Amino acid sequence: MIRTIILLGYGLLLLLMSLRSLRAQRLKERYVLLFTLTGLPFLVLAMWPDGIVFLSDKLEIEKPTLLVLALAGFLILIIFELFSIVSVQERRITSLAQHVGILLQERRLTDRDGTAERKAGQLGDDASQQNE
């Protein structure tokens, strides 16, 4: 009974969190689909607790706990893939922020040089007007 409640809670929580993030547009559709497909087996196992034994018999796995281990390995691979995507995006954001900072610094230097040249030009024009 407690196993059913835990599996049902985990599956529903995963589905609700992914749908809520989709509605708030914090998560892309492909990730919501991934989380939905990941949460569905937990809901199925919550409704049909002997499904793990049935699947292990059909797949000719001697011990059902090995199937649970395989499921855990699959989830770890999904998490690893998602973390690698996040890491790549973080590197891209850092690189983009550095490029923006360099461009802003170059713009400030250019603006200062242009302002100094304009001031020098204005002083020269003022001096020539006073001489006339």
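**Exercise 1.** The axes of α1 and α2 come within 8 Å and cross at roughly 160 degrees; state how α1 is oriented relative to α2.

*Solution.* The model is predicted: local features require pLDDT of at least 70 and side-chain atom pairs count only at pLDDT 80 or more, while totals for chains, interfaces and linings use all residues. Residues are numbered from 1 along each chain as its sequence is written, and side-chain values use heavy atoms, with hydrogens and water left out.

Step 1. An axis is a line fitted to C-alpha atoms, for helices over the stretch in contact, and the angle between N-to-C directions runs from 0 to 180 degrees.

Step 2. Angles under 35 degrees count as roughly parallel, over 145 as roughly antiparallel, 65 to 115 as roughly perpendicular, and the rest as oblique.

Step 3. The crossing angle of α1 and α2 is roughly 160 degrees. Therefore α1 is roughly antiparallel to α2.

Step 4. The crossing of α1 past α2 is left-handed, a term for a near helix turned anticlockwise from the far one by less than a right angle (clockwise would be right-handed).

**Exercise 2.** State how many helices and how many strands the protein chain has, and what share of its 132 residues is buried.

*Solution.* Step 1. Helices (H or I, at least four residues) and strands (E, at least two) are DSSP runs numbered from the N terminus. The protein chain has four helices and zero strands, in the order α-α-α-α from the N terminus on.

Step 2. Buried means under 20% relative accessible area and exposed over 50%, with partly exposed in between (1.4 Å probe, protein chains only). Buried residues form 16% of the 132 residues.

**Exercise 3.** Compare the span of α1 with its expected span, and locate the buried residues of α1 around its axis.

*Solution.* Step 1. The expected span is 1.5 Å times one less than the number of residues. With 22 residues (2-23), α1 reaches 31 Å from its first C-alpha to its last, close to the expected 32 Å.

Step 2. Leu 7, Gly 11, Leu 14, Leu 15, Ser 18 and Ser 21 are the buried residues of α1. Because they cover an arc of only 140 degrees around the axis, they lie on the same side of α1; the arc is taken from the directions that run from the helix axis to the C-beta atoms.

Step 3. Helix α2 (29-47) is included in what covers these buried residues. Contact means heavy atoms within 4.5 Å; among the α1 residues that meet α2 are Leu 7, Gly 11 and Leu 14, and the α2 partners include Phe 35, Gly 39 and Phe 42.

Step 4. On the face of α1 turned away from its buried side are the exposed residues Ile 2, Ile 5, Ile 6, Leu 16, Arg 20 and Arg 23. Leu 16 counts as exposed because its relative accessible area is 58%.

**Exercise 4.** Is Ser 56 buried or exposed, and which residues does Ser 56 contact beyond its neighbours within four places in sequence?

*Solution.* Step 1. Ser 56 belongs to helix α3 (residues 51-58). Its relative accessibility is 1%, so Ser 56 counts as buried.

Step 2. With neighbours within four places in sequence set aside, Ser 56 contacts Ile 61, Pro 64 and Leu 67.

Step 3. The buried residues in α3 are Gly 51, Ile 52 and Ser 56. Seen down the axis of α3, they fall within an arc of 135 degrees, so they line one face of the helix.

Step 4. The face of α3 turned away from its buried side holds the exposed residues Asp 57 and Lys 58. After α3 comes Glu 60, with a positive phi near 60 degrees.
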